[in-house]
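Biologist: Hi, I'm new to this one, so please walk me through it.

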Amino acid sequence: MNHLKRFHFVWNSQLQHAQSRTCSCQFEQRANEVVAALPWVNKVSVEMSAQAAKSVFAGELPKGLQNISNIIAVSSCKGGVGKSTVAVNLAYTLAGMGARVGVFDADVYGPSLPTMVSPENRLLEMNPETRTIIPTEYLGVKLVSFGFAGQGRAIMRGPMVSGVINQLLTTAEWGELDYLVIDMPPGTGDIQLTLCQVAPLTAAVIVTTPQKLAFIDVAKGVRMFSKLKVPCVAVVENMCYFDADEKRYYPFGKGSGSQVVQQFGIPHLFDLPIRPTLSASGDSGIPEVVADPLGEVASTFQNLGVCVVQQCAKIRQQVSTAVSYDKSVRAIRVRVPESDEEFLLHPATVRRNDRSAQSVDEWTGEQKLQFGDIPEDIEPEDIRPMGNYAVSITWPDGFSQIAPYDQLQMIERLVDVPQPTTADVTAS
């Protein structure tokens, strides 16, 4: 065997860009140790690269969201628990790992982002040619908030707010991002549902405080995400404790965060202390993880960032429910995730099972859409995913039906599948 003077070690992975940066130090050290231990190696050179994954729904999303690999919702469903603090510091932690990151402040009534960061340009601009919004930036992180629109806080009704949020999120020139962190507004109403429908959320991070009242509201949010098929990957319990006289004190008690973890099976819990610097950093415009990157708080966010990166990588490997129209057999084809199950549905049956207010009386439950109202030969014009939990089906009469995946699995299935016609086979 020839004795090599130099050993060149290359690691190329399809893992998330940020994950490679997170693991690079440990991987490089371990690679050096293992390879250098070989008796015929004199020198080791480790070169590392990674390529970020693309969005699963890229071609079916609004143009502004097509190049975003992961969308993370930071939510609490209760105001005043430090949700914006967690969202901003998580975003800058991911950016510190080497990821391309954006932050979307979805709270139109009380935007926090303009206070928590200090971009040089504090006004959003519009590209006159494309009519798209150009995000502002601070320390390499792209930022969009209603607070940067020159309007301050909004005074408007819910439907208008949903429209504003939709426009800000989908028409922004986000470019290629590894992570878009959405600072969700409190509650579980129209605005939250709009965000879940417009953007296919990869995962959610739940923020709470030790009090029982916080747990009650947070539980509502976790159930909402569960219903919308958005996995909650971590719980952050803020304002947990403080250290004094070589003792640790829990002024608000213990248990809210761990109760969420235990009751809903969320795998990871992170505790944040009561720190004047953490509060002050939110008012100074410099995130705590930037102001003190080696401190205890930054260490906790580093662990949270690693958790988010790893969980997103796992989630993306799972196959989402796929719904399409197979014109050759004139049937809607449904593939169920995490199984080999695939089944066909008659389009007319799907249309007749619509449960919206246009088809069913919301007060009495009376069926308004009658069997004979839908022709047997009806075919969908378009089928598009709506978030992670449903598809939007457009029919020839102009009706747009939202069909949750759970509902599709309960509908009567086609047993006798018609054979493809010669014309259909030729056309396909």
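Biologist: Let's start with one residue: where is Asp245 placed?

Modeller: Asp245 sits in the loop between β12 and β13 (247-249). The strands and helices I name are DSSP runs, numbered from the N terminus: helices are H or I with at least four residues, and strands are E with at least two. One thing to know early on: this is a predicted model, where local features need pLDDT of at least 70, side-chain atom pairs count only at pLDDT 80 or more, and totals for chains, interfaces and linings use all residues. Residues are numbered from 1 along each chain as its sequence is written, and side-chain values use heavy atoms, with hydrogens and water left out.

Biologist: Thanks! Is Asp245 buried or exposed?

Modeller: Asp245 counts as exposed, at 67% relative accessibility. The cut-offs are under 20% relative accessible area for buried, over 50% for exposed, and partly exposed in between, with a 1.4 Å probe and protein chains only.

Biologist: And what is its phi?

Modeller: Asp245 has a positive phi of about 55 degrees, although it is not a glycine. Met239 is another non-glycine residue with a positive phi, of about 55 degrees. You will find Met239 in the loop between β11 (232-237) and β12 (242-244), and at 28% relative accessibility it is partly exposed.

Biologist: Let's change topic to pockets. What volume does the second largest pocket have?

Modeller: Its volume is about 430 Å³. Of the 23 residues lining that pocket, Val81, Gly82, Lys83, Thr85 and Asn238 are the closest to its centre. A pocket here comes from a 1 Å grid over the protein atoms alone: it is an open set of points where a 1.4 Å probe fits, with protein on both sides within 12 Å along at least five of seven lines, and a lining residue has an atom within 4 Å of a point. Points are joined across faces, edges and corners, and the volume is the space filled by probe spheres set on them.

Biologist: Why use a probe to look for empty space?

Modeller: When a probe the size of a water molecule is rolled over the atoms, it shows where empty space is left.

Biologist: Which element gives the most to the lining of the second largest pocket?

Modeller: That is α8, with 4 residues. Helices α2 (83-96), α3 (113-116) and α8 (276-284) each supply at least two lining residues. By class, the lining has 7 nonpolar, 11 polar and 5 charged residues. Nonpolar covers Ala, Val, Leu, Ile, Met, Phe, Trp, Tyr, Cys and Pro; charged covers Asp, Glu, Lys and Arg; the others, Gly among them, are polar.

Biologist: Now charges: how many salt bridges does the count come to?

Modeller: The count comes to 12 salt bridges, each being a side-chain nitrogen of Lys or Arg within 4 Å of a carboxyl oxygen of Asp or Glu. One of them pairs Glu296 with Arg275, whose closest N and O atoms are 2.4 Å apart. Glu296 lies in helix α10 (residues 296-317) and Arg275 in the loop between β14 (269-271) and α8, so this pair ties together parts that are 21 residues apart in sequence.

Biologist: What about Glu379, which residue is its partner?

Modeller: Glu379 forms a salt bridge with Lys327, with 3.3 Å between the closest N and O atoms. This pair links distant parts of the chain, 52 residues apart: Glu379 is in the loop between α11 (347-352) and β18 (382-386), and Lys327 is in the loop between β15 (322-326) and β16 (331-335). Elsewhere, salt bridges that share partners join Arg100, Glu176 and Asp178 into one network. Asp326 and Arg333 also form a salt bridge, at 2.5 Å from N to O; Asp326 is buried at 17%, while Arg333 is partly exposed at 25%.

Biologist: Which side chain of opposite charge is nearest to Asp354?

Modeller: It is Arg351, 4.6 Å away, and Asp354 is buried yet has no salt bridge. For charge, Lys and Arg count as positive and Asp and Glu as negative, while His and the chain ends are not counted. Asp354, in the loop between α11 and β18, does share a side-chain polar contact of 2.6 Å with Ser356. Such a contact is a pair of N or O atoms within 3.5 Å; within protein, one must be able to donate a hydrogen and the other to accept it, and residues adjacent in sequence count only if both atoms are side-chain atoms.

Biologist: Last one: how many residues apart in sequence are Gly305 and Met97?

Modeller: They are 208 residues apart in sequence and 8.5 Å apart in space, C-alpha to C-alpha. Gly305 lies in helix α10 and is buried, at 0% relative accessibility.
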